[in-house]
Amino acid sequence: MSQIVDDSAATTEPADVSENADDAAQRHLGERLQRLRTERRWSLTELAEESGVSRAMINRVERGVSSPTATILGRLSGAFGLTVSQLLDESLEHDVPRTADPDAARGVQRGATADSWTDPETGYRRRPVSSAAFPADVTEVRLPAGREVAYPASAYAFLRHCIWVVDGVLEVVAGGDVTRLAAGDRIELGDPADVVYRNPGDEPVRYVVVVVRAA
């Protein structure tokens with residue numbers, strides 16, 4: 001049984017104002033999580049046991065009053081057998097403008113309209129590159145200087161991961177082994193293990209994560 005994570009420091013009570021984009025994303029994520037739990041007929045306690053995330057924290061996320069960290073998202077996605085991107089996908093807005101532009105017919109998404117999710121604790125930001133229908137899960141990640149995020153082994157079950165660094169320096173700690181990657185370097189992760197992504201530099205690091213189901 002994994003250690004129960006509460007992460008109360010990430011709790012943010014919404015102000016009594018009109019809902020902004022961040023509040024809406026937080027609410028959609030809560031609705032997505034509650035829907036997944038209901039489909040599996042899990043109680044809050046059962047999901048807490050499966051994920052290692054406290055019952056109180058799950059309840060706050062579902063109600064849209066707390067924004068989970070990347071680590072908590074990893075634990076929750078692992079419990080449902082999903083990638084983090086799959087867990088986030090339906091909670092992000094994917095409205096495509098109705099237009100006669102031929103680009104739209106070819107599935108082009110402009111960078112200015114791309115969705116993203118930001119970890120409230122570290123500033124780590126994920127932006128999906130591929131759509132939910134694409135056979136591989138491709139995500140661009142930006143990690144601020146001096147920050148790190150951790151994912152449990154459960155987030156990597158039945159998956160193959162390839163990480164390619166675009167800008168900056170990234171340290172990947174997988175199962176206790178540290179690998180330092182510079183721009184242009186890549187690494188393919190092996191068997192599921194706890195993984196930490198760490199930026200030891202003075203500038204943000206940008207990298208791309210490609211995830212596919214293991215054969």
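These are my notebook entries on a predicted model of one protein chain.

**Entry 1. The chain as a whole**

I began with the secondary structure and found 6 helices and 10 strands in the chain. I then looked up burial: of the 215 residues, 43% count as buried. I also checked how far apart in sequence the contacting residues lie. Among contacts with a separation of 6 or more, 68% are between residues 24 or more positions apart.

**Entry 2. The loop before helix H2**

I looked at Arg41, which is found in the loop between helix H1 (21–39) and H2. Its phi is near 60 degrees, a positive value in a residue other than glycine. I noted this since most residues other than glycine have a negative phi. I then asked whether Arg41 is buried or exposed. Arg41 counts as exposed, because its relative accessibility of 77% is over the 50% cut-off.

**Entry 3. Helix H2 and its end**

I turned next to helix H2, which spans residues 44–51 and includes Ser51. Ser51 has a relative accessible area of 3% and is therefore buried, the limit being under 20%. I looked for a polar partner of the Ser51 side chain and found the backbone nitrogen of Val53, which lies 3.2 Å from a polar atom of that side chain.

**Entry 4. H2 against H3**

For a pair of packed helices I recorded two values, since such a pair is described by the angle between the axes and the distance between them. H2 and H3 pack at an angle of about 115 degrees, and their axes are 9 Å apart. The range of 65 to 115 degrees counts as roughly perpendicular, so I entered H2 and H3 as roughly perpendicular to each other. The crossing of H2 past H3 is right-handed.

Which residues meet here? From H2 I listed Leu44, Thr45, Leu47, Ala48 and Ser51, and from H3 I listed Arg55, Ile58, Asn59 and Glu62.

I also looked up burial within helix H3, residues 55–62, where Met57, Ile58, Arg60, Val61 and Glu62 are buried. Ile58 and Glu62 are thus among the buried residues of H3 and also take part in the meeting with H2. After H3 comes Gly64, whose phi is positive, near 75 degrees.

**Entry 5. H2 against H4**

I repeated the check for H2 and H4, which pack at an angle of about 105 degrees with their axes 8 Å apart. This pair is therefore also roughly perpendicular. Leu47, Glu50 and Ser51 of H2 make the contact with Arg75, Leu76, Ala79 and Phe80 of H4. Leu47 and Ser51 had appeared in the meeting of H2 with H3 as well.

I then examined H4 itself and found the helix mostly covered, with 10 of its 11 residues buried. The buried residues are Ala70, Ile72, Leu73, Gly74, Arg75, Leu76, Ser77, Gly78, Ala79 and Phe80. Just after H4, Gly81 takes a positive phi of about 70 degrees.

**Entry 6. The largest nonpolar core**

I asked which members of the largest nonpolar core touch the most other members. Of its 42 residues, these are Tyr124, Tyr151, Leu170, Tyr197 and Tyr207. The largest share of this core, 6 residues, comes from helix H4 (residues 70–80).

**Entry 7. Tyr197**

I followed up Tyr197, which is found in strand E9. Tyr197 counts as buried because its relative accessibility is 3%. Setting aside residues up to four places away in sequence, I listed its contacts as Leu143, Arg147, Glu148, Val149, Tyr151, Tyr156, Ile163, Leu170, Glu171, Val172, Leu189 and Tyr207. Tyr151, Leu170 and Tyr207 in that list are also named among the core residues of the previous entry.

Two of these partners I checked further. The side chains of Tyr197 and Tyr156 are joined by a polar contact of 3.2 Å. Tyr197 and Glu171 are 26 residues apart along the chain, and their C-alpha atoms are separated by 5.9 Å.

**Entry 8. Glu203**

I closed with Glu203, found in the loop between strand E9 (195–198) and strand E10 (205–213). Is Glu203 buried or exposed? Its relative accessible area is 57%, so Glu203 is exposed. I also looked up its separation from Ala145, which lies 58 residues away along the chain. The C-alpha atoms of Glu203 and Ala145 are separated by 5.0 Å.

Notes:
Residues are numbered from 1 along each chain as its sequence is written. This is a predicted model: local features need pLDDT of at least 70, side-chain atom pairs count only at pLDDT 80 or more; totals for chains, interfaces and linings use all residues. Side-chain values use heavy atoms; hydrogens and water are left out. Helices (H or I, at least four residues) and strands (E, at least two) are DSSP runs, numbered from the N terminus. Buried means under 20% relative accessible area, exposed over 50%, partly exposed in between (1.4 Å probe, protein chains only). A polar contact is a pair of N or O atoms within 3.5 Å; within protein, one must be able to donate a hydrogen and the other to accept it, and residues adjacent in sequence count only if both atoms are side-chain atoms. A nonpolar core is a set of buried Ala, Val, Leu, Ile, Met, Phe, Trp, Tyr and Cys residues joined through side-chain atoms within 4.5 Å. Contact means heavy atoms within 4.5 Å. Axes are lines fitted to C-alpha atoms, for helices over the stretch in contact, and angles run from 0 to 180 degrees between N-to-C directions. Angles under 35 degrees count as roughly parallel, over 145 as roughly antiparallel, 65 to 115 as roughly perpendicular and the rest as oblique. A crossing is left-handed if the near helix is turned anticlockwise from the far one by less than a right angle, and right-handed if clockwise.
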